[in-house]
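Subject: Structure for you to look at

Hi,

Here is the structure I promised to pass on. Have a look at it first, and then read my notes underneath.

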Amino acid sequence: MTRTHPRPLIAIPARFAATTSALRHAAEVNARALVEAVWRAGGEPVSIHPADPAAAGVAGRLARFDGVLLPGGGDLAPHRYGATDTHDSVYDVDDLQDAFDLEVARRTLDLGLPLLAICRGLQAVNVALGGSLEQDMGGPDREHRHLVHPVTIQRGTLLARATGAEKTDASCYHHQRVDRVGVGLTVTARAADGTVEGLEAPGHPGWFTAVQWHPEDTADRDPAQQGLFDALVDAAHDSG
């Protein structure tokens, strides 16, 4: 295939925002730090509209891209992973966002496109592959919110190669975590309290890694975190 664009195209599903100061009305957004990390890596970040997957084929929409970044965001609806109740702490649930992100996770893996999943993105991949989530980690004393903490990374994983580290300081913002690991996924990183911080699918033919933390928070000054975006774009370049 002859590349017609100088930078690999990285699809990033947009997040719904109720208000934005510059645009006056509700908007679809992506974090600037996330977009800049992809750009620094040599990729062309492209926000994509979270349309109803039943009305607009997700696989066809993704096929034009060289890679996908599934970013953070609000909580997935608990019924998506079989829960019959909803914890009081669950927030910013959006049915359309859930449906779209879960289909993006499935179709990206089906297509073999390079995929980096971050925070909610990791949770979406886990749920898409039959896993479940712990709805709340136990309140302010136990959740990983506004917190930088050490993470231990499994040797020999794509995550270890991307970060160049066996331990790294992770910038976290989440009150949920993986409970049951999805089919075909393996844990690649954990926090000191046992929280799953990384997932991969060793049997999957495409490049894929997922982290529960937010590497974009510190990627501009931490080569280990920027390395995740570099690895995604490198894999996207190779896949094109």
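Below is what turned up, grouped by region. One thing to keep in mind throughout is that this is a predicted model.

**The pocket**

Let's begin with the largest pocket, which has a volume of about 570 Å³. Its lining is made up of 29 residues, and those closest to the centre are Arg15, Gly72, Gly73, Gly74 and Asp92. Three elements give two or more residues to that lining: β2 (15-17), α4 and β9 (167-174). Which of them gives the largest share of the lining? That would be β2, with 3 residues. Sorted by class, the lining has 11 nonpolar, 10 polar and 8 charged residues.

**Helix α4 and what comes after it**

Since α4 helps to line the pocket, it makes sense to go there next. This helix covers residues 120-128, and 9 of its 9 residues are buried. Among them are Arg120, Gln123 and Asn126, along with Leu122, Val125 and Val127.

After α4 comes glycine 130, with a positive phi near 90°. Glycine 130 belongs to the loop that runs between α4 and β7 (133-134). Is glycine 130 buried, exposed or partly exposed? Its relative accessible area is 39%, so it counts as partly exposed. If you want to see what glycine 130 sits across from, try valine 181: the two are 51 residues apart along the chain, and their C-alpha atoms are separated by 7.7 Å.

Further along, the loop between β7 and β8 holds glycine 138. Glycine 138 is partly exposed too, because its relative accessible area is 45%. Its C-alpha atom is separated by 30 Å from that of threonine 19, which is 119 residues away along the chain.

**Strands β5, β6, β13 and β12**

These strands are worth following one after another. β5 (residues 67-70) pairs with β6 in the parallel sense, over 3 bridges, and there leucine 70 stands opposite alanine 117. β6 (residues 115-118) then pairs with β13, again parallel, over 4 bridges. In that pairing, leucine 115 has phenylalanine 208 as its bridge partner. β13 also pairs with β12 (residues 196-200), this time in the antiparallel sense and over 2 bridges, with glycine 198 opposite valine 211.

It helps to recall that in a regular strand the side chains alternate between the two faces of the sheet. Which residues of β6 point which way? Leu115 and Ala117 go to one side, Leu116 and Ile118 go to the other, and all are buried. β13 (residues 208-211) is likewise covered on both faces: Phe208 and Ala210 are buried on one side, and Thr209 and Val211 are buried on the other.

**Strand β8 and two unusual phi values**

Most residues other than glycine have a negative phi. Two residues here are worth a look with that in mind. Histidine 146 is not a glycine, yet its phi is positive, at about 50°. You'll find histidine 146 in strand β8 (residues 144-153), and it counts as exposed because its relative accessible area is 70%. The other is arginine 24, whose phi is near 75°. Arginine 24 is in the loop between β2 and β3 (27-29), and at 66% relative accessibility it is exposed.

Strand β8 also holds histidine 144. Is histidine 144 buried or exposed? With a relative accessible area of 4%, it is buried. Histidine 144 and histidine 174 are 30 residues apart in sequence, but 5.3 Å apart in space from C-alpha to C-alpha.

**Rings and charges**

How many aromatic pairs does the structure hold? The count is 0. Rings do come up in another way, though, through arginines placed over them. The charged end of arginine 7 sits over the ring of tryptophan 39, 3.5 Å from its centre. Arginine 145 lies over the face of tyrosine 173, 4.4 Å from the ring centre.

That's the tour. If you'd like a place to start, open the pocket and look at Arg15, one of the residues closest to its centre.

Cheers

Key
Residues are numbered from 1 along each chain as its sequence is written. This is a predicted model: local features need pLDDT of at least 70, side-chain atom pairs count only at pLDDT 80 or more; totals for chains, interfaces and linings use all residues. Side-chain values use heavy atoms; hydrogens and water are left out. Buried means under 20% relative accessible area, exposed over 50%, partly exposed in between (1.4 Å probe, protein chains only). On a 1 Å grid over the protein atoms alone, a cavity is a set of points where a 1.4 Å probe fits but cannot get out, and a pocket is an open set with protein on both sides within 12 Å along at least five of seven lines; lining residues have an atom within 4 Å of a point. Grid points are joined across faces, edges and corners, and a volume is the space filled by probe spheres set on the points. Ala, Val, Leu, Ile, Met, Phe, Trp, Tyr, Cys and Pro count as nonpolar, Asp, Glu, Lys and Arg as charged, and the others, Gly among them, as polar. Rings of Phe, Tyr and Trp (its six-membered ring) pair if their centres lie within 6.5 Å; planes under 30 degrees apart count as stacked, over 60 as edge-to-face and the rest as tilted. A charge sits over a ring if NZ of Lys or CZ of Arg is within 6 Å of the ring centre and within 35 degrees of the ring normal. Two strands pair if DSSP finds at least two bridges between them.
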